[in-house]
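Colleague: Got a minute to walk me through this one? I'd like the charge pairs before anything else.

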Amino acid sequence: MIKQILGRLPRKPSSKSHPNDVISNDEGVASAAPPFMNSSQGPNSVGGLNNSRASSAPAGKASNASSGASRSNNGAPAQQSSSINKPTGGKKSTAIASQAGPLPGSGAYEVLPSFRDVPNSEKQNLFIWKLARCSVIFDFTDPSKNLKEKDIKRQTLLELVDYISSVSSKFNEIVMQEIIKMVAANLFRTFPSSNHDNKLLETFDAEEEEPMMEPAWPHLQIVYEFLLRFVASPETDAKLAKRYIDHSFVLRLLDLFDSEDQREREYLKTILHRIYGKFMVHRPFIRKAINNIFYRFIFETGKHNGIAELLEILGSIINGFALPLKEEHKLFLVRALIPLHKPKCVSMYHQQLSYCITQFVEKDCKLADTVIRGLLKHWPITNSSKEVMFLSELEEVLEATQAAEFQRCMVPLFRQIGRCLNSSHFQLHLVVESMILTGVNDCKIKEK
């Protein structure tokens, strides 16, 4: 009887879930592939994961993964697993999530559809997927490794450059975030130790060192071109983009100026100049950061590969300084530019340095006395070729010098010229004689 009564009572549902049930967790449920992906070319193929299940990572993990760890796994390419939500009703879209890891096989890195093959409504999603695909980093130290994947990435990067050049609508915040994430993953890296790092500073000669060419340049060049076009694009809103091209980004970009590959430094020079022009809020910070690089080079390390390029940027900046010159600009001349004559490798950047110095004197002739005395202070004693460079710069400065300023420094100046005339180096004699003849001719013209 009791068993019959208990048998009629409703039973509790089992607490155990069926293996096939979908379980929601903190990271969200699996998301479907976007409409432009087919079954053999889904989002999980980027990371080589099983196409039947995928979960999107939290945004915090995505940011860390894309900017870190991608270059630390013995050169193995980094895996990117992503999910995208399209913006609806004006709400902010969820950022694409990515997670670094080893790429298991060549079949996992397949070609995404072309922008021509998807409707306009899906192009932004495809753009973000391609950005995530290009955040995968490959090892270029082994030319025979991942040849197919490297070529696919190169073609994808070229597509991104074409797309960003032809886009006709403003980049939104999500797109900007993913652009900077991809750029950071590819560009920001630690340079390998150079041969001269283990040498004494006194024996290091930058002019004799053979520069190291960047093996990953086939990809890096296109990423730099992509970043340049993004910064220069009229569709890039500076007020919005400054949240991502921030002080941290600028500092890491400046660190890359120490690259031994001149091709990379040329791109960096152009990009930083565009950033300085477009993001007015960053201008004081960029000038201060460049100053700090100079200070460290002059007073600590004595070696840096990008001084010439940084001076070339500053030459354009100084040319745009408003008059009267601010006190901070004059301090920069005295504390950074003039002491740059001191390092032994001054010949590597002297042309750009001389231009910057002359710009200051042309803008404010009262600075001529300060500049000339600074040159005399750092005048080389035993290096005749450097003396020739100093004399050439001195000649340019004197052309912009007024009589009142010249009288203040003419005694120590002529003493130094007399020493050059007493030198046994014939080229010094020629340069000094040329300076004297030029000065005499100028005086005759002024008298007439």
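**Salt bridges and packing**

Modeller: The count comes to 15 salt bridges. Keep in mind that this is a predicted model.

Colleague: Which residue does Arg243 form a salt bridge with?

Modeller: Glu173, with the closest N and O atoms 3.3 Å apart. Arg243 sits in the loop between α7 (238-241) and α8, and Glu173 in helix α5, so the pair ties together parts 70 residues apart in sequence.

Colleague: And Lys269, which side chain does that one meet in a salt bridge?

Modeller: Glu312, at 3.0 Å, N to O. The pair links distant parts of the chain: Lys269 is in helix α9, Glu312 in helix α11 (residues 307-319), 43 residues apart.

Colleague: Is Lys269 buried or exposed?

Modeller: Buried, at 12% relative accessibility. The cut-off for buried is under 20%, so Lys269 qualifies. Its partner Glu312 is partly exposed, with a relative accessible area of 39%.

Colleague: What else is Lys269 in contact with?

Modeller: Leaving aside neighbours within four places in sequence, Lys269 is in contact with Phe257, Glu309, Glu312 and Ile313.

Colleague: How far apart in helix α16 are Arg408 and Glu405?

Modeller: Three residues, which puts about one helical turn between them. They form a salt bridge too, with the closest N and O atoms 3.3 Å apart. Arg408 is exposed at 52% relative accessibility, whereas Glu405 is buried at 6%.

Colleague: Which residues are linked in a network of salt bridges?

Modeller: Arg189, Glu214 and Glu264.

Colleague: Switching topic. How many helices and strands are there?

Modeller: There are 17 helices and zero strands in the protein. Buried residues make up 47% of the 448 residues. Of the contacts between residues at least 6 apart in sequence, 74% join residues at least 24 apart.

Colleague: Take helix α6. How many of its residues are buried?

Modeller: 12 of 16, so α6 is largely enclosed by the rest of the structure. Among the buried ones are Trp217, His219, Tyr224, Glu225 and Phe230.

Colleague: What do the buried residues of α6 pack against?

Modeller: They pack against α3 (120-133), α4 (147-166), α5 (173-187), α8 (247-255) and α9. Two of those have come up already: α5 holds Glu173, and α9 holds Lys269.

Colleague: What span should α6 have at 1.5 Å a residue?

Modeller: 22 Å for residues 217-232, and the end C-alpha atoms are 22 Å apart, which agrees.

Colleague: Cysteines next. How many disulfides does the structure hold?

Modeller: Zero. Cys420 is buried, with a relative accessible area of 0%. Cys365 is partly exposed at 29%.

Colleague: Where does Cys365 lie?

Modeller: In the loop between α13 (350-363) and α14 (368-377). Beyond its neighbours within four places in sequence, Cys365 is in contact with Ala400, Gln402 and Glu405. That last one is the Glu405 that pairs with Arg408. Cys365 is also 9.6 Å from Ala404, C-alpha to C-alpha, with their positions 39 residues apart in sequence.

Colleague: Last topic, the surface. Which residues make the nonpolar patch of about 270 Å²?

Modeller: Met410, Val411 and Phe414. Met410 is in helix α16 (residues 403-422), and at 32% relative accessibility Met410 counts as partly exposed.

Colleague: What area does the protein expose?

Modeller: About 24500 Å², with carbon and sulfur atoms supplying 52% of it.

Methods: Residues are numbered from 1 along each chain as its sequence is written. This is a predicted model: local features need pLDDT of at least 70, side-chain atom pairs count only at pLDDT 80 or more; totals for chains, interfaces and linings use all residues. Side-chain values use heavy atoms; hydrogens and water are left out. A disulfide is a pair of cysteine sulfur atoms within 2.5 Å. Buried means under 20% relative accessible area, exposed over 50%, partly exposed in between (1.4 Å probe, protein chains only). Helices (H or I, at least four residues) and strands (E, at least two) are DSSP runs, numbered from the N terminus. Contact means heavy atoms within 4.5 Å. Accessible areas come from the Shrake-Rupley method with a 1.4 Å probe; for residues, only the protein chains shown count as cover. Patches are made of residues with over 30% relative accessible area and no salt bridge: like charges are joined within 9 Å, nonpolar side chains (Val, Leu, Ile, Met, Phe, Trp, Tyr) within 5 Å. A salt bridge is a side-chain nitrogen of Lys or Arg within 4 Å of a carboxyl oxygen of Asp or Glu. The expected span of a helix is 1.5 Å times one less than its number of residues.
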